[in-house]
Amino acid sequence: MSPDDLVVTPTGLRFGGRIYPCTRGRGGVTDTKVEGDGGTPRGSHRIVGLLYRPDRIAPPADWAIPIRLGDLWSDDSEAPDYNLQVRAPYSRSHETLRRADPMYDLILITDWNWPRAEPGRGSAIFVHQWRRPGYPTAGCIGLRRDHLHAIAGQVAPGTRLIVL
């Protein structure tokens, strides 16, 4: 492992010589990720995107893409665009990226089951702001807001996210 890797351990997320408290999925860390199980997939993943809310925060890096009104993420495992960003109107099951709460103000997108998703294997595995300390996610990695912003400003496309 490299010091440039994001490494999720039972004690937190290790990055740049520091340990940041983090939360994982309510289903724990899993080797058999299934859509809707709340599990965080174990393994080595890559950061492939960085999204941010331009009405709330400045871009954290020059490769960040703004989240627009109508931006969604498909979580319908039967859809041809499963586990991809889509636009409203979208009649299939999805997550809204531009949320009322701040949880998705800044999102690091992982390559879990992406870009050619296997149906039912899980979608929308992100690194994002946690709801509160110790409160699990739906399968993502959650971080304190200031920690997430500090990390997002230092990672690049292709950075490894290793979930132990």
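Strands β1 and β15 run side by side in the parallel sense, held in register by three bridges. This is a predicted model, and this pair is a good place to start looking around in it. Find Val7 in β1, and you will see that its bridge partner in β15 is Ile162. On β1 there is another pairing to notice: three bridges join β1 to β2, and these two strands run antiparallel. A hairpin of two residues links β1 to β2, and Thr9 stands opposite Gly12 in β2.

Now look at the side chains of β1. Which way do they point? Leu6 and Val8 point one way, while Val7 and Thr9 point the other way. This fits a general pattern: in a regular strand the side chains alternate between the two faces of the sheet. In β1, the residues on both sides, Leu6, Val8, Val7 and Thr9, are buried.

Leu6 leads us to the largest nonpolar core, which has 24 residues. Those with the most contacts inside this core are Leu6, Leu13, Leu50, Leu143, Ile151 and Leu161. Several elements each supply at least two residues of the core, among them β1, β2, β7 (43-52), α1 (145-152) and β15 (160-163). As a general rule, in soluble globular proteins, nonpolar side chains tend to be buried together.

To see how distant parts of the chain meet, follow Leu161. Leaving aside its neighbours within four places in sequence, Leu161 is in contact with Leu6, Val8, Gly43, Ser44, His45, Ile47, Thr110, Val127 and Ile141. There is also a second, separate core of eleven residues, and its members include Leu51, Met103, Tyr104 and Cys140.

Is Asp146, by contrast, buried, partly exposed or exposed? Asp146 lies in helix α1, and its relative accessible area of 43% makes it partly exposed, because that class covers values between the 20% limit for buried and the 50% limit for exposed.

Next, turn to Thr23, in the short run of residues 22-23 that forms strand β4. Thr23 counts as buried because its relative accessibility is 3%, and buried means under 20%. Setting aside neighbours within four places in sequence, its contacts include Trp130, Arg132, Tyr135, Thr137 and Cys140.

Thr137 appears again at the largest pocket, which has a volume of about 310 Å³. Of the 22 residues lining this pocket, the closest to its centre are Arg26, Glu95, Thr137, Ala138 and Gly139. What kinds of residues make up the lining of the largest pocket? By class there are eight nonpolar, seven polar and seven charged residues.

Finally, the loops hold some backbone details that are worth finding. A cis peptide bond joins Ala88 and Pro89, with omega about 0 degrees, and Pro89 sits in the loop between β10 (85-87) and β11 (94-96). Another cis bond runs from Trp114 to Pro115, where omega is near 5 degrees. Pro115 belongs to the loop between β12 and β13, and Asn113 is found in the loop between β12 and β13 too. Asn113 has a positive phi of about 55 degrees although it is not a glycine, and with a relative accessible area of 8% it is buried. Asn83, in the loop between β9 (71-74) and β10, also has a positive phi, near 60 degrees. Asn83 is buried as well, with a relative accessible area of 2%.

Key. Residues are numbered from 1 along each chain as its sequence is written. This is a predicted model: local features need pLDDT of at least 70, side-chain atom pairs count only at pLDDT 80 or more; totals for chains, interfaces and linings use all residues. Side-chain values use heavy atoms; hydrogens and water are left out. A nonpolar core is a set of buried Ala, Val, Leu, Ile, Met, Phe, Trp, Tyr and Cys residues joined through side-chain atoms within 4.5 Å. Buried means under 20% relative accessible area, exposed over 50%, partly exposed in between (1.4 Å probe, protein chains only). Helices (H or I, at least four residues) and strands (E, at least two) are DSSP runs, numbered from the N terminus. Contact means heavy atoms within 4.5 Å. Two strands pair if DSSP finds at least two bridges between them. On a 1 Å grid over the protein atoms alone, a cavity is a set of points where a 1.4 Å probe fits but cannot get out, and a pocket is an open set with protein on both sides within 12 Å along at least five of seven lines; lining residues have an atom within 4 Å of a point. Grid points are joined across faces, edges and corners, and a volume is the space filled by probe spheres set on the points. Ala, Val, Leu, Ile, Met, Phe, Trp, Tyr, Cys and Pro count as nonpolar, Asp, Glu, Lys and Arg as charged, and the others, Gly among them, as polar.
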